[in-house]
Each structure stands twice: as structure tokens, then as C-alpha cells.
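This report describes the strand arrangement of the chain shown below and the surroundings of selected residues. The sequence and the coordinates should be consulted alongside the text.

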Amino acid sequence: MDITDAVLKGIENSDLIRWGGIIRDTAGQIVLHVVDAPATGAAAGNAAKSVSVSPGFLGKIVERSTAALKT
């Protein structure tokens, strides 16, 4: 996650609460929507290499998406 030091300290001392992808204060008010930090360097390359999808699978997804859009 890509969060500031102030938000991290707030979570650590229980002034802020992480609720899924949202940071809330103790009153339940949304303070921040968390965004995943992009993978960089070797991590990005390894993530891309670990994904293997067959062309047939992609074709089925395209067909199903097209059919869903037509309805």
C-alpha cells in the first residue's frame, strides 16, 4: 500500500482503522481510500512472468464479455 507516515502512525496508535481499502477515524469517517503501490523493479518483472494465460481462455472471456454487453 502507498500510505503516508502520518497515516501509518495513526493506524499503529489506533487513531485510525483500516477497513478493507479504506482508512477511517475512530468516529467511522473516511479519511483515505487506500491505493495499492505499483510493483517496481524485479517484483514487477516477476509478477508479469508468473501470469500464464492460454489464448483459448482469453477468447472465452472476450466472447462472454461481448455476449453480456449485448444483453
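How many bridges join β1 to strand β2, and in which direction do the two run? In this predicted model, β1 and β2 (residues 22–25) are antiparallel and are joined by 4 bridges. One residue of β1 can be followed across to β2: the bridge partner of I17 is R24.

The pairing continues on the other side of β2, where 3 bridges join β2 to β3, again with the strands running antiparallel. Here I22 stands opposite H33 in β3. The connection between β2 and β3 is a hairpin with 4 residues between the strands. G28, located in that turn, has a positive phi of about 95°.

Together the strands form an open sheet of 3 strands in the order β1-β2-β3, with antiparallel pairing. The edge positions belong to β1 (16–19) and β3 (30–33); each has a single partner strand, so one side of each is left without a neighbour in the sheet. On average, neighbouring strands of the sheet are turned by 25° against each other, direction ignored. Helix α1 (residues 5–12) packs on this sheet and touches β1, β2 and β3. The direction of α1 makes about 95° with that of β1.

Two residues may now be considered individually. G21 lies in the loop between β1 and β2, whereas I30 lies in strand β3. Is G21 buried or exposed? Neither term applies: the relative accessibility of G21 is 38%, so G21 counts as partly exposed. For I30 the corresponding value is 45%, and this residue therefore counts as partly exposed. The limits behind this class are 20% and 50% relative accessible area.

Contacts link each residue to other parts of the chain. Leaving aside residues up to four places away in sequence, G21 touches L32, H33 and V34. With the same exclusion, I30 touches I22, I23 and R24. The table lists one C-alpha pair for each of the two residues.

| Pair | Separation along the chain | C-alpha to C-alpha distance |
|---|---|---|
| G21 and H33 | 12 residues | 6.0 Å |
| I30 and I17 | 13 residues | 9.6 Å |

H33 thus appears in two relations: H33 is touched by G21, and H33 in β3 stands opposite I22. R24 likewise has two roles, as the bridge partner of I17 and as a residue touched by I30.

Conventions. Residues are numbered from 1 along each chain as its sequence is written. This is a predicted model: local features need pLDDT of at least 70, side-chain atom pairs count only at pLDDT 80 or more; totals for chains, interfaces and linings use all residues. Side-chain values use heavy atoms; hydrogens and water are left out. Two strands pair if DSSP finds at least two bridges between them. Axes are lines fitted to C-alpha atoms, for helices over the stretch in contact, and angles run from 0 to 180 degrees between N-to-C directions. Contact means heavy atoms within 4.5 Å. Buried means under 20% relative accessible area, exposed over 50%, partly exposed in between (1.4 Å probe, protein chains only).
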